[in-house]
Amino acid sequence: MSPAPVLSRAEAFCRRFGLSRPILMGPMAGACPPALAAAVADAGGMGAMGAVLSRPGDIGDWMTAFRTRSGGPAQVNLWVPDPPPHRDAQAEAATRAFLERWGPAVPAAAGDDAPADFDAQFDALVAARPAAASSIMGLFGDAQVRRLKEAGIAWFACATTLDEALRAQAAGADAVVAQGAEAGGHRGAFDADAAERRLSGLFSLLPRLADRLDVPVIAAGGIADGRGIAAALLLGASAVQIGTAFLRTPEAAIPPAWADALADAEPEDCWPTRAFSGRLGRALATGYVRAAAAADAPPPRPYPVQRGLTAPMRRQAAAEGRLEAMQAWTGQSAWLARPAPAAELVETWWRDAVRLLA
Ligand SMILES: Cc1cc2nc3c(=O)[nH]c(=O)nc-3n(C[C@H](O)[C@H](O)[C@H](O)COP(=O)(O)O)c2cc1C
């Protein structure tokens, strides 16, 4: 394929969704301050908020903080809830005892900690009027999709398989995010239990989706420079979504121990693990992650029970700057992440991608 249709496909995406460069910041719950999103949007991309952990009121506050900094577009991301988890008091006690080797005592009720109410989060999202709402772990319901359309909010749906992508398109998604297995953070598998068996790399998943879908495809997973962007566009993407490569920017402001460790992480040092939340996600293979993967470690409890049980350890490790027990999400191209301002990264990446595609 000649570069011309590749670039015109990206330009059509940009025109439709209000960008001047086809680069989306990945929504990153816990690592998406408004300053980072605004820097990406001001550089011509799209900012993002990962709102899974946010109270409804925080969503409006985040958008207000974003809008005071940037007139550009942003997406707000929500997790579609899983069915209620199976509880097992004995197994949870074993997990609590294991976790106490890596952090403080874990209260017996820690596993009861539930995320904010999804419907209330969705109401807050619609009221905040971002350019796009994005879903992960499942699909928005019909009534929710109608509300987005009425409000003029685009819907980007994350998919990890062709089947999920076709379901998203049929449900009215305006674009599908093809999440390759390289990606940092949680795996968006609709069926939580099947996530390990469906870890397709972006080079396989992206052209499969691009060849079968009518809606634009946004490539995510392991993209961290102009080469990756050019390759994704050639494989059929209309835009890219980047997470890990923004984590070392000053605007991301993540704990320095996490940011510094990314520079030395080989792709095989970034493990899929359920040890932090019970949902599969890719993180640095720290001491805790390795210990949790050992044959004699207690199996993680389902989401969100495991997330609640690990909260004391995660909080303490972040406060102490102790990487070994920190929740340090990362994609497999961590080593490419550079400690430079986000706008500079976006500009450099896009200039390099256009040169490669010319
Ligand atoms: C720290 C972190 C948190 C993330 N949180 C979310 C999230 O809340 N929702 C979501 O859809 N994706 C989340 N992701 C995935 C990103 O949005 C993005 O798709 C992914 O980072 C792309 O792969 P890369 O990390 O290799 O660039 C997260 C990723 C990271 C690194």
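This is a short chat about two helices and a small group of strands in a predicted model.

Q: What kind of model is this, and how are residues numbered?
A: The model is predicted: local features need pLDDT of at least 70, side-chain atom pairs count only at pLDDT 80 or more, and totals for chains, interfaces and linings use all residues. Residues are numbered from 1 along each chain as its sequence is written, and side-chain values use heavy atoms, with hydrogens and water left out.

Q: At what angle do H7 and H8 pack?
A: About 35 degrees, with the axes of H7 (residues 162-170) and H8 (residues 202-212) 10 Å apart. Axes are lines fitted to C-alpha atoms, for helices over the stretch in contact, and angles run from 0 to 180 degrees between N-to-C directions. Helices (H or I, at least four residues) and strands (E, at least two) are DSSP runs, numbered from the N terminus.

Q: Which residues make the contact?
A: Leu 162, Ala 165 and Leu 166 come from H7, and Leu 205, Arg 208, Leu 209 and Arg 212 from H8. Contact means heavy atoms within 4.5 Å.

Q: Which residues of H8 are buried?
A: Leu 202, Leu 205, Leu 206, Pro 207 and Leu 209 are buried, meaning under 20% relative accessible area (1.4 Å probe, protein chains only). Their cover includes H7, strand S6 (175-179) and helix H9 (226-234).

Q: New topic: in what order do the strands of the open sheet run?
A: S7-S11-S10, with antiparallel pairing. Two strands pair if DSSP finds at least two bridges between them.

Q: How many bridges join S10 and S11?
A: Four. Thr 273 has Gly 281 in S11 as its bridge partner.

Conventions
Buried < 20%, exposed > 50% of the residue type's maximum accessible area, 1.4 Å probe, protein only.
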